[in-house]
Amino acid sequence: MTFNRITVVGAGTMGNGIAHVFAQYGFNVTLCDPNQAQLDLALETISKNLDRQLQKGKLTQESKAASLNNIEISTQPKLIFPHSDMIIEAVPENMSIKREVFEQIGKYKSKHCLVASNTSSLSITALGAMTQTPEQFIGMHFMNPVPVMPLVEVIVGHRTAQKTVDAVVALSQKINKKPFIVNDYPGFVANRIALPMINEAIEALELGVGGVLEIDQIMKLGMGHPMGPLQLADFIGLDVCLAILEILHKELGKDKYAPSILLRKMVLAQHLGRKSGIGFYDYQSDIKNPTIAPQFT
Ligand SMILES: NC(=O)c1ccc[n+]([C@@H]2O[C@H](COP(=O)([O-])OP(=O)(O)OC[C@H]3O[C@@H](n4cnc5c(N)ncnc54)[C@H](O)[C@@H]3O)[C@@H](O)[C@H]2O)c1
């Protein structure tokens, strides 16, 4: 199958990264979001991230310009869906928002178009059913930051056709990602394992077992993790972490997945991590070199 036009729905943390990578590998990409400011911010972020790759010698000035040239933005997805060969959804981890998006995709997409969700934990089988063509639906779980992380967790829904799996594996390889195929279970593999660890780190902080510095350094220096679990939570977004844990807890029905009180409190306080400027760390004066947030010093 040839993919001439890729549409990415949702221009937040993940959407801008997914658009970046497809554009970098020569695909025509349209990034859709109802919020124009979010689209403008996404283009700015993509340009800055391409600059970072340029400085590291991974891109040339010409390929940076070509990548940016491959991206269009739109607040009118209905006009874009009929011309897309592949639509990748990256809207918030909320079933009712996703339902609205997939029902619209089902209504306006062309017959041959494949549809993927970047969901972290929602059922691929349930989301696929909303599009009317579950055989052409799949999970493509990219990791954050998308231009840097090599993995795509490919999730096969109950009605996903083998043809769709093969096409998405080949497509992932074209953008230089390593696809690994898993089955449709809450949290799949990555988040079923990573989120309970993050939640445990937050609970350890809440109970005073250790401070932010101790928890993150112990996991980095002792367990060989490139990032501590609290830093990782800030990076993912605490609202996203909470949403995933709530789904794991509800679907798998075990107390070990229950979100910690401190995580809930921080989301209510809008201390969401990097994207809101403060989480376990404070990013407000220097996003690259955050300090421990005043609440935790
Ligand atoms: N953040 C992570 O580290 C991470 C990693 C892997 C997967 N995910 C998953 O990716 C998805 C997106 O997460 P995110 O962190 O990028 O969220 P985000 O909050 O950063 O971005 C969501 C974007 O969706 C837009 N949006 C809202 N309603 C929309 C609609 N109806 N149509 C189009 N756009 C709409 C918002 O304006 C926003 O720009 C979620 O399912 C999340 O679980 C997140």
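**Domain contacts, ligand shell and local backbone features**

In the predicted model, seven residues of domain 1 are in contact with nine residues of domain 2. On the side of domain 1 that touches domain 2, the residues divide by class into one nonpolar, five polar and one charged. The domain assignment places domain 1 at residues 5–183 and domain 2 at residues 195–292. Between the C-alpha centres of the two domains the distance is 26 Å.

The chain as a whole contains twelve helices and ten strands. Its C-alpha trace spans about 55 × 45 × 35 Å along the principal axes. The radius of gyration of the chain is 19 Å, which agrees with the value near 19 Å that a compact globule of 297 residues would have. Of the 297 residues in the chain, 43% are buried. Among contacts with a separation of 6 or more, 65% are between residues 24 or more positions apart.

The ligand is surrounded by 27 residues, of which G10, G12, M14, S120 and N144 come nearest. Two elements, α1 (13–24) and α5 (95–108), give two or more residues to this shell. Domain 1 and domain 2 each supply at least three residues to the shell around the ligand. By class, the shell consists of twelve nonpolar, twelve polar and three charged residues.

N144, one of the residues that come nearest to the ligand, is also joined to P145 by a cis peptide bond, with omega about -5°. P145 belongs to the loop that lies between β6 (137–142) and β7 (151–156).

Positive phi values occur in two further loops, at Q132 and at N176. Q132 is a residue other than glycine, and its phi is near 75°. The loop that holds Q132 runs between α6 (124–129) and β6. Q132 has 14 other C-beta atoms within 10 Å and is therefore partly exposed. For N176, likewise not a glycine, phi is about 65°. N176 is placed in the loop between α7 (162–174) and β8 (178–183). Because N176 has 10 C-beta neighbours inside 10 Å, N176 counts as exposed.

Helix α11 comprises the 15 residues 238–252. From the first C-alpha of α11 to the last, the helix reaches 21 Å, close to the 21 Å expected at 1.5 Å a residue. The buried residues in α11 are L238, V240, C241, L242, A243, I244, L245, I247 and L248. In an α-helix there are 3.6 residues a turn, so residues three or four places apart point the same way. The buried residues of α11 pack against three helices, namely α8 (190–207), α10 (229–236) and α12 (261–268). Just after α11, G253 adopts a positive phi of about 65°.

Conventions:
Residues numbered from 1 in each chain as written. Predicted model: local features only at pLDDT ≥ 70, side-chain atom pairs only at ≥ 80, totals over all residues. Near = placed C-beta within 6 Å. Helix = DSSP H or I, 4+ residues; strand = E, 2+ residues; numbered from the N terminus. Nonpolar A, V, L, I, M, F, W, Y, C, P; charged D, E, K, R; others polar. Domains from an automatic or database assignment. Expected span 1.5 Å × (residues − 1). Buried ≥ 20, exposed ≤ 12 C-beta atoms within 10 Å, placed from the backbone. Contact = placed C-beta atoms within 7 Å. Rg over C-alpha atoms; globule rule 2.2 N^0.38 Å.
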